[in-house]
Amino acid sequence: EVIGKRIRDVTNSQSSMGNVQKMISKLNQDGYWTDETTQRRRDGALLYISASVARIKDHSGKAVGNVVISRDVTQTQRIELALEESEEKYRGMVNNVRLGVTRSSPGNQGMYLEVNKAMEEITGFSREELLTMPVAALFVRPEERSAMLEEVVSGNNITAREIRFKKKNAEEIVVSATL
């Protein structure tokens with residue numbers, strides 16, 4: 001149904017026409033265009049399309065046509081949107097809880113990868129400072145981190161334990177840590 005028709009003739013929405021105009025401008029300027037866009041099917045369903053268009057030129061450089069490659073990426077887009085929503089809920093939960101929550105790389109030299117606001121308040125370190133320091137740097141006795149890591153590797157049930165942390169102001173505090 002679309003062979004031999006102009007792009008404008010098979011585009012069925014005003015917003016899609018805006019995308020077509022951008023595409024044509026880019027084709028005239030660079031000779032190619034690639035983007036993700038939305039398109040409505042005849043039944044009204046919204047599709048997410050990944051499209052690439054390249055200008056075809058003859059031996060003299062004159063434009064004689066276009067090659068269009070389109071792919072329906074609706075399922076991928078829906079999965080990405082669901083993942084973003086899930087991550088947003090996770091971040092909202094972690095950032096609003098009054099407990100220090102962290103994620104770190106493994107091993108005795110592990111670094112913080114994520115910290116929540118409560119962890120900043122507990123330790124006195126900013127998020128940026130925590131993300132540039134080894135986890136063991138907060139331990140008054142770094143060997144306690146090693147013991148906790150060994151417990152995780154051995155597969156034993158982890159229970160909360162009290163450990164001594166150093167705050168930024170050098171004050172020592174006792175925290176309950178659970179891996």
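This report covers a three-stranded sheet, the helix across it, and two nonpolar cores in a predicted model.

**The sheet**

Three strands, in the order β1-β2-β3, make an open sheet. Their pairing is antiparallel. β1 and β3 are the edge strands, and each of them pairs on one side only. From one strand to the next, the twist averages 30 degrees. Between β1 and β2 there are 9 bridges, in the antiparallel sense. Thr37 has Ile49 of β2 as its bridge partner.

Helix α3 lies across β1, β2 and β3. Its direction is about 125 degrees to β2.

| Element | Residues |
|---|---|
| strand β1 | residues 32–40 |
| strand β2 | residues 46–57 |
| strand β3 | residues 63–72 |
| helix α3 | residues 74–96 |

**The cores**

The largest nonpolar core holds 15 residues. Which members touch the most others? They are Tyr112, Met119, Leu130, Leu138, Ile163 and Phe165. Three strands each supply at least two residues of this core: β5 (112–115), β6 (161–166) and β7 (172–177). β7 gives the most, with 3 residues.

Met119 shows what such a member touches. Leaving aside residues up to four places away in sequence, Met119 is in contact with Tyr112, Leu130, Leu138 and Phe165, among others. Gly100, Val101 and Thr102 are also on its contact list.

A second core is separate and has 7 residues. Among them are Met23, Leu27, Leu47 and Ala51.

How values were computed. Residues numbered from 1 in each chain as written. Predicted model: local features only at pLDDT ≥ 70, side-chain atom pairs only at ≥ 80, totals over all residues. Heavy atoms only, no water. Core = buried A, V, L, I, M, F, W, Y, C linked by side-chain atoms within 4.5 Å. Buried < 20%, exposed > 50% of the residue type's maximum accessible area, 1.4 Å probe, protein only. Helix = DSSP H or I, 4+ residues; strand = E, 2+ residues; numbered from the N terminus. Contact = heavy atoms within 4.5 Å. Pairing = 2+ DSSP bridges. Axes fitted to C-alpha atoms, helices over the stretch in contact; angles between N-to-C directions.
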